[in-house]
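Colleague: I have a few things to ask about this chain before I set up my own calculations. Can you take them one at a time?

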Amino acid sequence: MGMYINPGNSLFKRALNSKIYVDKSKLISYVNDVIDTEQEFICVSRPRRFGKSMAANMLAAYYSCGCNSKELFDKLEIKNCNTYENNINSYDTVFLNIPKFLVKTSDIEGLGNYIENILIKEFKCQFGDYGITELTDLNTIISHIANHNNYKNKGFIFIIDEWDCVFREAVENTAAQKNYLNFLRNIFKDNGDIKLAYMTGILPIKKYGSHSAINIFDEFSMTDPAMLAEYVGFTENEVMDLCKKYNMDFNEMQYWYNGYLFDDRLHIYNPESVVTAITRKKYKSYWTRTETYEALKIYIDMNFEGLRDNIIKMLAGSKIKISVDTFQNDMTTFASKDDVLTLLVHLGYLAYDYNSNEVFIPNHEIQEEFTTATKVSNWNEIVKSITLSDKLLEATITFDNETVAQIIDEIHMATVSVLQYNNENSLACVISLAYYSARKDYIIYREFPTGKGFADLVFMPRRNTENPVIIVELKWDYSAEGAIKQIKDKNYTETLKDYSGKIILVGINYNKKTKKHECVIENYNK
């Protein structure tokens, strides 16, 4: 075993030894099926701390020659796969963690040459008797070894962790980026002796102009994870099982860390946050262990028309339709707000619904990061709304109609320069933003289904059932009394017939003539 060639299984063994380990070994089944096929080049992109490196370490442990990994994998789900025995520890595996190379050289433009020279030295050390001593090209060396009479293994596998760090660390250095892409292209292009390449990163890889030769890779990203969605990140069922095992509140785990929607059924959680919450027995934002709000601040402050509007709407709970097709998969080339929002999806700050092409803030943890970033950026409309929202909730549950109307007026005036205000949808956005701090105690549903229609907003208590359920109906240039009447006439409370706590009905109307809001609050008696 070497440092980079057949590195062994120690890193994966450490993951197995950890207090919390979730079995993702079925990923190997898919990878085994594509070895030495047209689909043998795989690139999985996920945000930081989503389990990319763990998966890469697992594959290196499984495929590497020179070590016995059966005792590790015999305990895992992959043991039941019919390709398991045939491939374990059968390939000469090259494992490259690109950030570790990057910190060792000051010549980022020569990074590819630096890595190649290190690999050539190690190949000559491990395969010195294969007649490669005088060879100076990595591809030639690999081919020479693979076709040597003494070679008994099945071929070569490359695993590259964080392949894209050059594009994230040297965002303006196009020379370094092109040189690095040339290095990757020279390894993989038309090399039949490499039976598999598996790369991880944050950014997708397919759009780098004339240097797109590594478009031979099948991409599995945050905007199109396809069949690998469940293998990088924790699924909802896995999180539910962890909560049962470690006596954690699953509803709280959902509230804080759920929300990355990969299809209609599959929700993915950030493993780092879930594991840290379990080990520390505390729900809070652990995102700063991954990124800081400054990274988010850079992008939401970009001056693209409509971007600020979209961010505020998402903070209010809305989803925003975007196109991900124009994103150039780097950190600097932005032609529109859609490109910025797409980058935030890949960084993990937004979730993406593939079916509806909509983005949204996935959970409370990320919402806190957005709130911090907007405060630091002096988004006065957000700061004022959040400051007033505590008072608004208190006024609502104490039936203070005038104060509720007054506070909503103030929040409307703070956001009027950003948000279009011309219908019930925009009114709902402002009201949702106005009740921002209520999310500490409530789950807020927009367009909540009832027996005879949809309630505009329903606030369901998250933990403390002493808090009342709040049903809000909105009207545009009509009357607050009419909103209350609609709640009663359409029997919006029928859905809550089994709820034993208090229920408050709230009608809010915006008067176009006076440009003021009106509010009526009633206690509902069953």
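Colleague: Which residues of H12 are buried?
Modeller: This is a predicted model, so local features need pLDDT of at least 70. Buried here means under 20% relative accessible area. In H12 the residues that count as buried are Phe-250, Glu-252, Met-253, Tyr-255, Trp-256 and Tyr-257.

Colleague: Is H12 largely enclosed or not, and why?
Modeller: The cover over its buried residues includes H11, strand E8 (267-269), H13 and H17. The count decides the matter: H12 is largely enclosed by the rest of the structure because 6 of its 8 residues are buried.

Colleague: At the start of H12, which backbone nitrogen does a side-chain oxygen of Asp-249 reach?
Modeller: Look at the start of the helix. The oxygen of the Asp-249 side chain comes to within 2.9 Å of its target. That target is the backbone nitrogen of Asn-251.

Colleague: And what residue with positive phi follows H12?
Modeller: Now take the other side of the helix. The phi there is near 130°. The residue is Gly-259.

Colleague: Which side chains make polar contacts with the side chain of Glu-236?
Modeller: Glu-236 is found in helix H11 (residues 236-245). Leaving out residues up to four places away in sequence, it touches Phe-250, Gln-254, Asn-258, His-267 and Tyr-269. One polar contact, of 3.1 Å, is with Gln-254. The other contact listed here, at 2.9 Å, is with Tyr-269.

Colleague: Which element gives the most to the lining of the second largest pocket?
Modeller: The lining has 29 residues, with Ile-361, Pro-362, Asn-363, Ile-443 and Ile-444 nearest the centre. Helix H12 (250-257), helix H17 (364-376), strand E12 (442-450) and strand E13 (453-461) each supply at least two. With 5 residues, the top contributor is E12.

Colleague: What is the volume of that second largest pocket, and how does its lining split by class?
Modeller: The volume is about 1,100 Å³. By class, the lining comes to 13 nonpolar, 11 polar and 5 charged residues.

Colleague: How many bridges join E12 to E13?
Modeller: The two strands run antiparallel. One pair is Pro-449 with Phe-454, the latter in E13. The number of bridges is 8.

Colleague: How many bridges join E13 to E14?
Modeller: Strand E14 covers residues 469-476 and runs antiparallel to E13. Leu-457 has Val-472 of E14 as its bridge partner. The number of bridges here is 3.

Colleague: How many of the residues of E13 are buried?
Modeller: In a regular strand the side chains alternate between the two faces of the sheet. E13 is largely enclosed by the rest of the structure, because the buried residues number 7 of the 9.

Colleague: Which element gives the most to the lining of the largest pocket?
Modeller: That pocket has a volume of about 1,200 Å³. Its lining has 44 residues, the closest to the centre being Arg-49, Gly-51, Ser-53, Met-54 and Asn-57. Elements giving two or more residues include helix H1 (10-17), helix H3 (52-63) and strand E2 (92-97). With 6 residues, the one that gives the most is H3.

Colleague: Last one. What percentage of the chain counts as buried?
Modeller: The chain has 21 helices and 16 strands. Its C-alpha atoms fill a box of roughly 90 × 45 × 35 Å along the principal axes. Of the 526 residues, the buried share is 58%.

Definitions and conventions:
Residues are numbered from 1 along each chain as its sequence is written. This is a predicted model: local features need pLDDT of at least 70, side-chain atom pairs count only at pLDDT 80 or more; totals for chains, interfaces and linings use all residues. Side-chain values use heavy atoms; hydrogens and water are left out. On a 1 Å grid over the protein atoms alone, a cavity is a set of points where a 1.4 Å probe fits but cannot get out, and a pocket is an open set with protein on both sides within 12 Å along at least five of seven lines; lining residues have an atom within 4 Å of a point. Grid points are joined across faces, edges and corners, and a volume is the space filled by probe spheres set on the points. Helices (H or I, at least four residues) and strands (E, at least two) are DSSP runs, numbered from the N terminus. Ala, Val, Leu, Ile, Met, Phe, Trp, Tyr, Cys and Pro count as nonpolar, Asp, Glu, Lys and Arg as charged, and the others, Gly among them, as polar. Buried means under 20% relative accessible area, exposed over 50%, partly exposed in between (1.4 Å probe, protein chains only). Two strands pair if DSSP finds at least two bridges between them. A polar contact is a pair of N or O atoms within 3.5 Å; within protein, one must be able to donate a hydrogen and the other to accept it, and residues adjacent in sequence count only if both atoms are side-chain atoms. Contact means heavy atoms within 4.5 Å.
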